[in-house]
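Colleague: Please take a close look at the inner spaces of this model, and at how covered or open its residues are. Start with your terms.

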Amino acid sequence: MTTTSAPATPTLAPAPGAPASAPRSALSELSQETLALTRRLFLQLARRPSTLVAGVLQPLIWLVLFGALFAKAPEGLLPEGMSYGRFLGAGVIVFTAFSGALNAGLPVMFDREFGFLNRLLVAPLRSRSSIVMASVLYITSLSLVQSLAIIATAALLGYGWPGGAGLLLVLVILLLLVFAVTAMSLGLAFALPGHIELIAVIFVANLPLLFASTALAPISFMPTWLGWLAALNPLTFAIEPIRAVYAGHFSLGEVVLVAPYGSLTGAACLGVLAVLALGLFLLIRPLLDRKLT
Amino acid sequence: MGLRLAKWSSKAVPEAVIELNQVSKRYGSGATAIEALSGLNLSVPRGCLYGLLGPNGAGKTTCLRILSTLLEPDSGAVRVGGLDALAQPRQVRELLGYVAQDVAIDKILSGRELLQLQGDLYHLNRAERDRRIEELSEVLGMDVWLDRRCGTYSGGMRRRLDLASGLLHRPAVLVLDEPTVGLDIESRAAIWRVLAQLRDQGTTVLLSSHYLEEVDALADELAIIDGGRVIAAGTPQVLKAALGGDRVTLRVREFSDEPEALRVQLLLQACAGVRQVVVNRSQGFSLNLVVEHDGVVEQLRQQLKQADLPVFALAQSKPSLDDVYLQATGRTLMDAELAIAGQRDPKAERKQAMR
């Protein structure tokens, strides 16, 4: 270990006169702190890429195994004579984005538990919402990368390609879902006492939400009660428009979801997702305010 | 010096940079509630290296967490650099550098990346930030390992990195919670040197410690804190001088027995200038005396000689901060540490620190 240099190095204390930095606008300070926090999350990912690898591998396995499981399903069983692989593609894409976003709270929870959050809280942040914004930025970009990987693989497996405009629409739908789920996960990360509890909630929420949606089977296959659950499941509102895009005939005015309570157009599904994302952010705000001020 | 500090205060010198007035804080509620601070008063003059001395669990960390705006007190006033820390926490955070006790670092980042993050959180511009990192890296001797990942650092390296991150934005006030606990001697000396240097350059430094010798050697002024309140405050010299008298440890034989020790105690108690004689059973029935002045010791020797008693060892010392603590609380700092060791609940304490 090295020792310190000779005493009286004139560099430790406040510099005479000028403050350390010239005053800057609130917005530029806000973006500086948010980007720095986001950079940290990406550095972590780059050096510990297992999350990313697992996040891409898992849905690929779903796609390949599940697709193969029902490959010999009788033709005409699914709406419009779709192959099961093509049907499943939309479900797996949505599920990938969903489970990625569901984990958004984990890094925040670890920061709380290990005290790294306190390091952030003693700093004169312009707004402490930059801590939350960094997580949202990180998870959103990560989910989009994962989703694009699945979309590309699905195309290679012959399960279809949404086309340029379709791809854009798929990404918009995924963004809305990711915002909503990230908000929920961050809320949980501040509300629950520790990572064990958070992981338990993630574990319990993950698969049931998948099975009680139209990711693996259409509502027409389900008993009434499950059909109702699936028709209320937020994942379904993301899956059905994407499925319509893959079927090649999506327009916002067209009915994409035939639910027990009525039929919903693509625009209505998008609306539901947008309201959900906004609602969840408003819901967790008081909690974040309480924990972060 | 006036110029460099004019940024945050224009009052006449010397005034208090840190002021805590009747600050109370309680964790939990009902029967299990713990009163961490009960009406604590503290006043730290500008440019002072100030020590907060007390046993574990005395309330030091709570006090510093309140100062650094991590924690709000239940009642009382907190002012830093003339600002109300409860009303203007963000401005206070700009003034303060806070080096916490249990350093949370991101193991997967390098030290430099962590400092860069820290610089961005304090809104330094990039050039200033990187120049500052270079400076601190040199002063704290971090250049060799700063680009390695934090996960590989030793305790001393981590503490230096944390000190650097506390100093990055050139705070007017530096607050450190037990900065040298568990460190090797070299790292401890390095940190002491930097703290003294900072004080010499005009930074106000407040550190907590349960090491007597650290506070005694380093601090210009100190407060002894016990049970959530300050029980004595001042310069180490004044506090010790206020006790008066010299401390004498006497052994008539290497291993005395109790009857003999009691006999000597009776004999010495009768001497003029002897204030107090205690038989220390845990140290082979040696005798601990408080005497008025140097001359008394010579009289003691004569008395012992006349009574035909040998002197195996006789040590004389000025009162220490431990004696100050003993006087105020009726127990030594070591005893207080031991008494508290079994009572603490690390799990509950981690919860208190969690947001």
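Modeller: Buried means under 20% relative accessible area, exposed over 50%, and partly exposed in between (1.4 Å probe, protein chains only). The model is predicted: local features need pLDDT of at least 70, side-chain atom pairs count only at pLDDT 80 or more, and totals for chains, interfaces and linings use all residues. Residues are numbered from 1 along each chain as written, chains are lettered from A and ligands numbered from 1 in written order, and side-chain values use heavy atoms, without hydrogens or water.

Take A:Val64. It sits in helix H2 of chain A, residues 50–69 (a DSSP run of H or I, at least four residues; strands are E, at least two; numbering is from the N terminus). A:Val64 counts as partly exposed because its relative accessibility is 43%.

Chain B has its own H2, residues 60–67, and this helix is mostly covered. Seven of its eight residues are buried. They are B:Lys60, B:Thr62, B:Cys63, B:Leu64, B:Arg65, B:Ile66 and B:Leu67. B:Thr69 follows H2(B), with a positive phi near 70°.

Now the cavities (1 Å grid over protein atoms alone; a 1.4 Å probe fits but cannot get out; lining residues have an atom within 4 Å of a point). The whole structure has four of 30 Å³ or more. The largest holds about 110 Å³ (space filled by probe spheres on points joined across faces, edges and corners). Its lining includes A:Leu37, A:Arg40, A:Pro107, A:Asp111, A:Leu120, A:Ile131 and A:Ser135. Helices H1 (26–47), H4 (105–114), H5 (116–121) and H6 (129–156) of chain A each give two or more residues to that lining. By class, the lining has eight nonpolar, one polar and two charged residues (charged: Asp, Glu, Lys, Arg; nonpolar: Ala, Val, Leu, Ile, Met, Phe, Trp, Tyr, Cys, Pro; polar: the others, Gly among them).

The second largest cavity has a volume of about 60 Å³. Both chains line it: A:Ala36, A:Arg39, A:Arg40 and A:Leu43, with B:Leu109, B:Glu113, B:Gln116, B:Leu117, B:Asp120 and B:Arg129. H1 of chain A and helix H4 (111–121) of chain B give two or more residues each. Here the lining has four nonpolar, one polar and five charged residues.

Last, a pocket (an open set with protein on both sides within 12 Å along at least five of seven lines). The second largest pocket has a volume of about 730 Å³. Of its 26 lining residues, B:Arg247, B:Asn288, B:Asp323, B:Leu326 and B:Thr332 are closest to the centre. Strands E11 (246–251), E12 (274–280), E13 (286–291) and E14 (313–317) and helix H12 (321–329) of chain B each give two or more. E12(B) gives the most, with five residues. The lining has eight nonpolar, 12 polar and six charged residues.
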